[in-house]
Amino acid sequence: MDLPDLSVITDTHPVALFISGFLGFLSIYIFYSSFVSATARHTGLPWVSNKRRWFLSRLRTRIWTTRYYGDALKVAYDEYAKHDRPCVLAGMDGDTILLPQSAIPWVVAQPDSVLSVNGSHKHVLQTGYTFPRREVMDPTVHFDVVRSELTRQLLTVTPEVCDELAAAVDEIWGTSTKKWAFVKVFDSLTRIIARVNNRVFVGLPLCRDEKYIENATGFAEDIAWSSTILRLFPGLLRPLAARFVTKANHKHAQEFTQILTPEIQRRQQILDEAGPADDATEDSGAHTQGKNDFLQWLLTRSLTKSHSKPDETNPDIIAARLLHINFASVHTTSFIASNALLDILAAPTDQKIPEKLEAEAHEAMDNAELDSDSNVRSWARDILPKMKYLDSALRESSRKASIIGVGVNHKVVAKGGVTTPDGTFLPEGSLVAVHSWGVHNDGDVYDEPDKYRPFRYVEGGAAEQFTATSTTYLGFGHGRHACPGRFFAANELKLLLAYLLVNYEIQMVMEGGVGGVWNGKGYRPECDWLGPMHVFPDGAKLRIRRKVVE
Ligand code: HEM
């Protein structure tokens, strides 16, 4: 038998090789998406689609859903959820069973052994590949620290938040009262928030270390991209793809860990020298040496609450937990801050929204406690509950521009699947969620949903706080896995916006980027869907100048 001439392969032009590789990948993908993937497909539930009956309709529906995610969400909500029916949202990165709002109480009541939020996080973020240490998801000790220590110490850390916030804003936005400057909204607020959050996560001086912050925010951005790309690959090919796709993640994680490790070891040594404590989390003396931040809470927790694995004293594990907390907290908060600021500035000028919010901030400030040591009125503690109009404005922005289109995400882990009370079968391994974008924009739920009405939650005696979740407000999710960092985020956002409104003249501008040039009459550049990610318009800028203090 004649052997094939292998030199043909080795001599092939690189472009031909690339095209063959691409076609090979596409064939595998089509086979995969049509026959193998999509546990949700076996439910017999209808797919959300734009209704055209094309050749390769399933593949093309996936492309349509991914390309026009916002439209797909609208179809899913109007055609199914509004009629109390479930459906499948099938994207290039897999399928999600979307349940109607009536299913929320049942979903959030299921034990983690039936519907797992952790399973959904692992899938969505592809933590097995994108995280430097995948073990930090089992158990998620750092989530417990947000839920307990951070929430309990909210008011204690507020003076530090105020201090860092003022220092970061002054440095990043500048203090010139004469010259106008331009700042990119999302970019500058992300840098400010990253510093403030890390003041509470690791304290001074690390929170001002540019390399540390660059790696923390860089890693968070890598996760968003790399996990999205990895989900496009069939499971079998992911380990191979991950070798290329997650390079930046591992570089940022490695540098972050290198910078943080000496501080971890220094504190561990202090804890060792102080000897055992009955309950180190309550001990702010010898064991903490005055440090009261997230890192210290993680370290003291590792002394009192033990897990068989991973080793909670290993600096690599501690750094990986801090990277994940940075991911969960920085861009989420700056997304809401950026939208809230643009909404406030773009509100019809006759409503005088910025002026009202500034007056509220001033009033709260004037009545704030006078610090006996510094003789300065602090932006702290007691003014936070007083800014109820700002609280309402934040909730309204977060309703209009939800950070995610679907919420209350779970993975079905019950053996053999589970059936909802209305008879919908959810196969094992499938992903389940409910509508957040849809319900936030439903005219039967919110009067004039397209309008930005910043004070709708305080008008007419209404009293819904920014942090209060419900089946119709899912900006922070809902149920026992709702965002545990929302109380911290709400305080930080109020302090930040109040500081900006009181201290700066701020005008909206749009030079290029999404939406073009702002016409000066209230046009506001909008967020856009990039697949399931709601992305803030990158080009949105502000023209700012520091006010002269009288
Ligand atoms: C305004 C800012 C924030 C927004 C909009 C936000 C939004 C969310 C949402 C929607 C979820 C649930 C996801 C789902 O339903 O699938 C979530 C979960 C979570 N968030 Fe936030 N978040 C914010 C700030 C923070 C902060 C500051 C922290 C930590 C300091 C944090 C830590 C977490 C954690 C640990 C979870 C997972 C909870 C669990 O699975 O049990 N978040 N967040």
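**Reading a two-domain predicted model with a ligand**

Biologist: Before anything else, how is the chain divided into domains?

Modeller: The chain falls into domain 1, covering 12-125, and domain 2, which is made of 134-403 + 437-473 + 475-546. Where these two meet, the contact takes 23 residues from domain 1 and 19 residues from domain 2. Please keep in mind throughout that this is a predicted model.

Biologist: Which helices supply the side of domain 1 that touches domain 2?

Modeller: At least two residues each come from helix H2 (14-36), helix H4 (69-79), helix H5 (104-109) and helix H6 (117-125), and H6 gives the most to that side, with 6 residues. Sorted by class, the residues on this side of domain 1 comprise 13 nonpolar, 8 polar and 2 charged.

Biologist: How should I read the confidence of the model, and what is the mean pLDDT of the chain?

Modeller: pLDDT is the predictor's confidence in each residue, from 0 to 100. Here the chain has a mean of 86, with 82% of its residues at 70 or more. Among the elements of the chain, strand E3 (residues 115-116) has the highest mean pLDDT, 98, while helix H1 (residues 7-11) has the lowest, 39. The value also stays under 50 over residues 279-284 and over residues 512-522. For the complex, the predictor gives an ipTM of 0.99 and a pTM of 0.89.

Biologist: Turning to the ligand, which residues come nearest?

Modeller: The shell holds 25 residues, of which Ser329, Thr332, Gly477, Cys483 and Gly485 come nearest to the ligand. Two or more residues of the shell come from each of helix H8 (141-152), helix H15 (315-346), strand E5 (406-412) and helix H19 (486-503). H15 gives the most, with 6 residues, and by class the shell around the ligand has 15 nonpolar, 9 polar and 1 charged residues.

Biologist: And in the largest nonpolar core, which residues touch the most other members?

Modeller: That core has 92 residues, and those touching the most other members are Leu165, Phe294, Leu322, Leu323, Ala337 and Leu497. Helix H15 gives the most to this core, with 17 residues, just as H15 gives the most to the shell around the ligand. Leaving aside residues up to four places away in sequence, Leu497 touches Ala337, Ala340, Leu341 and Leu390. Another core, of 33 residues, lies apart from the largest one, and among its members are Ala103, Val108, Val406 and Leu431.

How values were computed. Residues numbered from 1 in each chain as written. Predicted model: local features only at pLDDT ≥ 70, side-chain atom pairs only at ≥ 80, totals over all residues. Near = placed C-beta within 6 Å. Helix = DSSP H or I, 4+ residues; strand = E, 2+ residues; numbered from the N terminus. Nonpolar A, V, L, I, M, F, W, Y, C, P; charged D, E, K, R; others polar. Domains from an automatic or database assignment. Contact = placed C-beta atoms within 7 Å. Core = buried A, V, L, I, M, F, W, Y, C linked by C-beta atoms within 7 Å. Buried ≥ 20, exposed ≤ 12 C-beta atoms within 10 Å, placed from the backbone.
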